Each structure stands twice: as C-alpha cells, then as structure tokens.
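Thanks, everyone. I would like to walk through one structure this morning, starting with how some helices pack and then moving to a handful of individual residues.

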Amino acid sequence: MNLDDLVNTLGRHLKARYGERVRKLSLNAGFGCPNRDGTLGRGGCTFCSVLSFAADDGDAPLARQLADRRAELKRAARYIAYFQAYTNTYAEVETLTRLYAEATASPDVVGLAVGTRPDCVPDAVLALLAGYRERGYEVWLELGLQSAHDETLARVNRGHGWAAYADAVARARAAGVPVCTHLILGLPGETDAHAFTTLERVLDAGAEGLKLHPLMITRGSRLAVAHKRGEIAPPELPAYAALVGELIRRTPPELVFHRVSATARAPTLVAPAWCSTVWPAMQAIRADLDLHGGQGAHLPAPA
C-alpha cells in the first residue's frame, strides 16, 4: 500500500480538494526569532542550528525563491507558499501583509502556510490569515510546539510553555484558521509515553494537522555538543517508525498529517544518518502501518 492509503496526508487532502497534485514552495523571508535576538532569550532552542536554513538564501527576493522552488519540484501545476524559516509572524502586520501578498500573487499559488511559534501569533496576524481563507486559499498556521510537557520545553530552552500553545490554538480556531502542530519525537528526557500524552493534549486542544519530526542533531546546535559528549542520542529508525505508527493509529482519520519524518542536508546533519534521505523512514513507517493498521486503527469504535 502507499502511505496515502493508510494516512490522511497533506498530499491526499490537497488532491481531494483540487483534483490534482499541489506542492509546497518553501520560502525564507529573512525573519528572526525572539528566542535568539534577546526578546525572550539568546541562542534559541537547543536543537536549533544557525546553519539549518543557510541554503535557502533569505536575502533572495521571494519571486526568485518561488521560481527556483517551482523549477526544483516540476511535477505540479498548483502550489502553496510555505514561509518555513524561523518565526514567520515575527514582524509588523504591515510587513507580513506585503510579504504574504507577494508570495500569493501568482495564480498558480492556491495556498499559504506560515510556520511560527505559539507565542508570536497576535490576533491581527490571525485576522490576516483568516482573510486569505475567506478568499478561498488553503491556509495553515504551523505552530512549533514540539512537546506538550513544560519540563521538556524548559529543558530544550523553547521559551514558552503549553499554555501559550493552547491559547494560540483557541484563538486560531475562533478566527477560523486551521492549525498544523509540529512535534519532535525523541527529545531529551522523553519516552514514548510522553509522546502519547502530547498527542492526546494536542488533539484535545483542536489541531487540524500534525507534522512529526525525529530529533535530529545538527551542526551549530547545543545538542550537537551534548551528542559529541555522548550525553544524548537521537532515535533509531525502528523505534521511530514504531512510535510514529502508533501515534498515527491513535489519531482520528480526519486530521491531516503534513509530515511523518524529516531530513537534513549534509553537512548540517550530524545524526541520525538515516535522516539524510526520506526513503528509509517512509519505508519503515509504511511497513509498520501495513502490519498494525493505519490512521485511527487504535481509536475506540464509535458507540
């Protein structure tokens, strides 16, 4: 079976809406982060690397970035403009209005996805995104939560707690803006039980999408130093695939999975080696789902 047969993926969701393949165009608009510039803290999250988005050329005009991404992807006629690098709501609303409009100016751009932090989503930004949704765009507010456990968030120097996320989701839902929540599996101090609790809390809060990432050790991050000392280790592929499979089986069928693994480019990636390409993880996850069941398989039967 294909992954789309077992999971309500973003690709499947978009094809059902548009009748054809829709791809994301990843953008770097040169945003900063309040957890780096001293507003909340300096140095950022312990897993974050200053090299992570170096290849995305945040100085390049958005029009050139969009053209470059189109040329790379090729196999699509419609696209979603994805503001990916760092905190993409961390600016005055006037600036965001201009950038989002520039990214969606082409008729082949049918959607807008904005990655940000839960503590950087004022109501004015939600109103701006809701306006795109009202005009018929596919809109996703992508919130980097990583874990629902405050002790974990403090350990990785996230700079916010669960309460900030719950507040942002509640306000987004009130504004009619769908939320895709980012989670990192394998964070220091966490077990599978932590991941199951995080999923339960995120589902209860009302997220419409999920993006799952394995913990990756990247050059330039503080976790890279701890990894070199032998203090932490990222998840092994079999354990990661089994955990992802079980999370998917505990997730209602209508929720959209935007991603179930992640990769990093050389030489940024330190570990695990299997994250250098997407295929090992996708094959392992699909095998687990084939064996144990797909999305929603371990939810209670309707009464």
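**Helix packing and selected loop residues**

Helix 8 and helix 10 cross with a right-handed sense, and I should say at once that this is a predicted model, so please hear everything that follows as a description of computed coordinates. Helix 8 covers residues 192-205 and helix 10 covers residues 237-249, and their axes come within 11 Å of one another, with a crossing angle of roughly 25 degrees. Because angles under 35 degrees count as roughly parallel, these two helices, helix 8 and helix 10, are described as roughly parallel to each other.

Which residues make this contact? From helix 8 the contributors are Asp 192, Ala 195, Phe 196 and Leu 199, and on the side of helix 10 they meet Leu 243, Glu 246 and Leu 247. Sorted by class, the contact between helix 8 and helix 10 holds five nonpolar residues and two charged ones, with no polar residue.

The second pair I want to show is helix 3, residues 62-73, with helix 4, where the axes come within 9 Å and cross at roughly 35 degrees. The crossing of helix 3 with helix 4 is right-handed. Helix 3 brings Leu 62, Ala 63 and Leu 66 to the contact, while helix 4 brings Leu 99, Glu 102 and Ala 103. In the contact of helix 3 with helix 4, five residues are nonpolar and one is charged, and none is polar.

Let me turn to side chains in loops, beginning with Asp 108, which sits in the loop that runs between helix 4, residues 93-103, and strand 3, residues 109-116. Its side chain has a polar contact of 2.8 Å with the side chain of Arg 70, and the Asp 108 side chain also makes a polar contact, at 2.6 Å, with the side chain of Ser 106. If we set aside neighbours within four places in sequence, the residues in contact with Asp 108 are Arg 70, Ala 77, Arg 78 and Tyr 79.

Ser 147 is another loop residue, placed between strand 4, residues 138-146, and helix 6, residues 150-155. Is Ser 147 buried or exposed? Its relative accessible area is 0%, and since buried means under 20%, Ser 147 is classed as buried. The side chain of Ser 147 forms a polar contact of 2.6 Å with the side chain of Glu 190. Not counting residues up to four places away in sequence, Ser 147 touches Thr 152, Leu 153, Leu 183, Leu 187, Glu 190 and Thr 198.

Next come the prolines, and for this group the backbone is worth checking carefully. The peptide bond joining Ala 271 and Pro 272 is cis, with omega about -5 degrees, and Pro 272 itself lies in the loop between strand 9, residues 269-271, and helix 11. With a relative accessibility of 8%, Pro 272 counts as buried, and, leaving out residues up to four places away in sequence, Pro 272 touches Leu 215, Met 216, Pro 234 and Pro 235. There is also a cis peptide bond from Ala 266 to Pro 267, where omega is near 5 degrees, and Pro 267 is in the loop between strand 8, residues 256-259, and strand 9.

Pro 280, by contrast, is placed within helix 11, residues 279-292, and at 28% relative accessibility Pro 280 counts as partly exposed. Beyond residues up to four places away in sequence, Pro 280 touches Leu 237 and Trp 274. The C-alpha atom of Pro 280 is 10.0 Å from that of Pro 238, although their positions lie 42 residues apart along the chain in the sense of sequence separation.

Finally, where do we find a positive phi in a residue other than glycine? One such residue is Tyr 86, with phi near 65 degrees, in the loop between strand 2, residues 78-83, and helix 4; at 22% relative accessibility Tyr 86 counts as partly exposed. Asn 157 likewise has a positive phi, of about 60 degrees, and Asn 157 belongs to the loop between helix 6 and helix 7, residues 162-175. Its relative accessible area of 28% makes Asn 157 partly exposed.

Key
Residues are numbered from 1 along each chain as its sequence is written. This is a predicted model: local features need pLDDT of at least 70, side-chain atom pairs count only at pLDDT 80 or more; totals for chains, interfaces and linings use all residues. Side-chain values use heavy atoms; hydrogens and water are left out. Axes are lines fitted to C-alpha atoms, for helices over the stretch in contact, and angles run from 0 to 180 degrees between N-to-C directions. Helices (H or I, at least four residues) and strands (E, at least two) are DSSP runs, numbered from the N terminus. Angles under 35 degrees count as roughly parallel, over 145 as roughly antiparallel, 65 to 115 as roughly perpendicular and the rest as oblique. A crossing is left-handed if the near helix is turned anticlockwise from the far one by less than a right angle, and right-handed if clockwise. Contact means heavy atoms within 4.5 Å. Ala, Val, Leu, Ile, Met, Phe, Trp, Tyr, Cys and Pro count as nonpolar, Asp, Glu, Lys and Arg as charged, and the others, Gly among them, as polar. Buried means under 20% relative accessible area, exposed over 50%, partly exposed in between (1.4 Å probe, protein chains only). A polar contact is a pair of N or O atoms within 3.5 Å; within protein, one must be able to donate a hydrogen and the other to accept it, and residues adjacent in sequence count only if both atoms are side-chain atoms.
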